[in-house]
Amino acid sequence: MPVVSAARYGKDNVRVYKVHRDEATGIHTVTEMTVCCLLEGEIETSYTAADNSVVVATDSIKNTIYIKAKEHPVNPPELYASFLGKHFLDTYAHISTANINIVVKRWTRMVIDGKEHPHSFYRDGEETRNVEARITRQGFEIRSGIGGLLVLKSTGSAFHGFVRDEFTTLPETWDRILSTEVDATWKWSTFSSLAAVQEKVAQFDKAWEDARKITMKTFAEEDSPSVQATMYKMSEQILEAAPGVASVTYALPNKHYFEIDLSWHKGLKNTGKDAEVYAPQTNPNGLIKVEVSRS
């Protein structure tokens, strides 16, 4: 007889904007995020017996997302995800797990005539700060991350010494353009409770700032022998900077820029050391992933 082996449901793509107004200084701080909340628990009969009595309506989940954003801080997002997830477990005895995903957009304060403006911002690229939280009665599993950080350097990258056989056409290179869209995630050691998350709340912003700085500094300064070697160095530095992190994951797609041979036009030199004009590529692309954990 068929059985439900796994199930979860909830509300996705809930867009939330919150403004904090400091009455003493007149300075506003804004946060825009997209929230997904999926619940698990004793809900099998809603699938197998059309029993809606176990269903917390997804519209109610959406409303709860807004209400908890009003009642609690939304920064850092790891803390807000913990408040939100715990609410569902405390409120509904048959719910055993709340899966909370948060994607925070990047609004950067404007600087006008050399001064930070108190309430004006601009969208500073497509980079996001990401959180994935799995909240159960046994503990809070939290992953933090960076997504959509597009980086490029015009030299300082090589790739040679790789396997060459009858399938290989890629030439070796000792100097190339390196570009990627950073997807970095760090998994925290499991928190036992909301109180444990609150006790360590300061570490979330620091780890995000450190991971971002480490990623860009290593990318920029290392004479990279390969994406694999560079992403490993990034990972080990994050583990050193954030003692509460158990593992670090990177996924880095290659954004290729190919030389264009223009010798057909009046002998114009545009390859090797003479290359200045390149053709940005889309698909296919290399994709390199790694997870680095504490031993």
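1. Start with helix H5 in this predicted model. Its buried residues are Phe 204, Ala 207, Trp 208, Asp 210, Ala 211, Arg 212, Ile 214, Thr 215, Thr 218 and Phe 219. When you scan that list, keep in mind that an α-helix has 3.6 residues a turn, so residues three or four places apart point the same way.

2. Does the length of H5 agree with the expected span, or disagree? H5 covers residues 202-221, and at 1.5 Å a residue its 20 residues should span 28 Å; the end C-alpha atoms are 29 Å apart, so the two agree.

3. Now look at Trp 186. Leaving aside residues up to four places away in sequence, Trp 186 touches Ala 207, Trp 208 and Ala 211, among others, and those three are on the buried list for H5. Its other contacts include Ile 142, Arg 143, Ser 144, Gly 145 and Ile 146, plus Val 245, Ser 247 and Val 248.

4. Which residues touch the most other members of the largest nonpolar core? Val 35 and Trp 186 do, in a core of 61 residues. Helix H3 (residues 77-91) gives the largest share of this core, with seven residues. As background, nonpolar side chains tend to be buried together in soluble globular proteins.

5. Last, the empty space. There is one cavity of 30 Å³ or more, with a volume of about 50 Å³. Leu 178, Thr 180, Phe 219, Ser 224, Val 227, Thr 230, Met 234 and Leu 252 line this cavity. Strand S8 (178-188) and helix H6 (227-241) each give two or more of the lining residues, and H6 has the largest share, three. By class, the lining has five nonpolar, three polar and no charged residues.

Technical notes: Residues numbered from 1 in each chain as written. Predicted model: local features only at pLDDT ≥ 70, side-chain atom pairs only at ≥ 80, totals over all residues. Heavy atoms only, no water. 1 Å grid on protein atoms, 1.4 Å probe; cavity = no way out; pocket = protein on both sides within 12 Å on 5 of 7 lines; lining within 4 Å. Points joined across faces, edges and corners; volume = space filled by probe spheres on them. Helix = DSSP H or I, 4+ residues; strand = E, 2+ residues; numbered from the N terminus. Nonpolar A, V, L, I, M, F, W, Y, C, P; charged D, E, K, R; others polar. Core = buried A, V, L, I, M, F, W, Y, C linked by side-chain atoms within 4.5 Å. Buried < 20%, exposed > 50% of the residue type's maximum accessible area, 1.4 Å probe, protein only. Contact = heavy atoms within 4.5 Å. Expected span 1.5 Å × (residues − 1).
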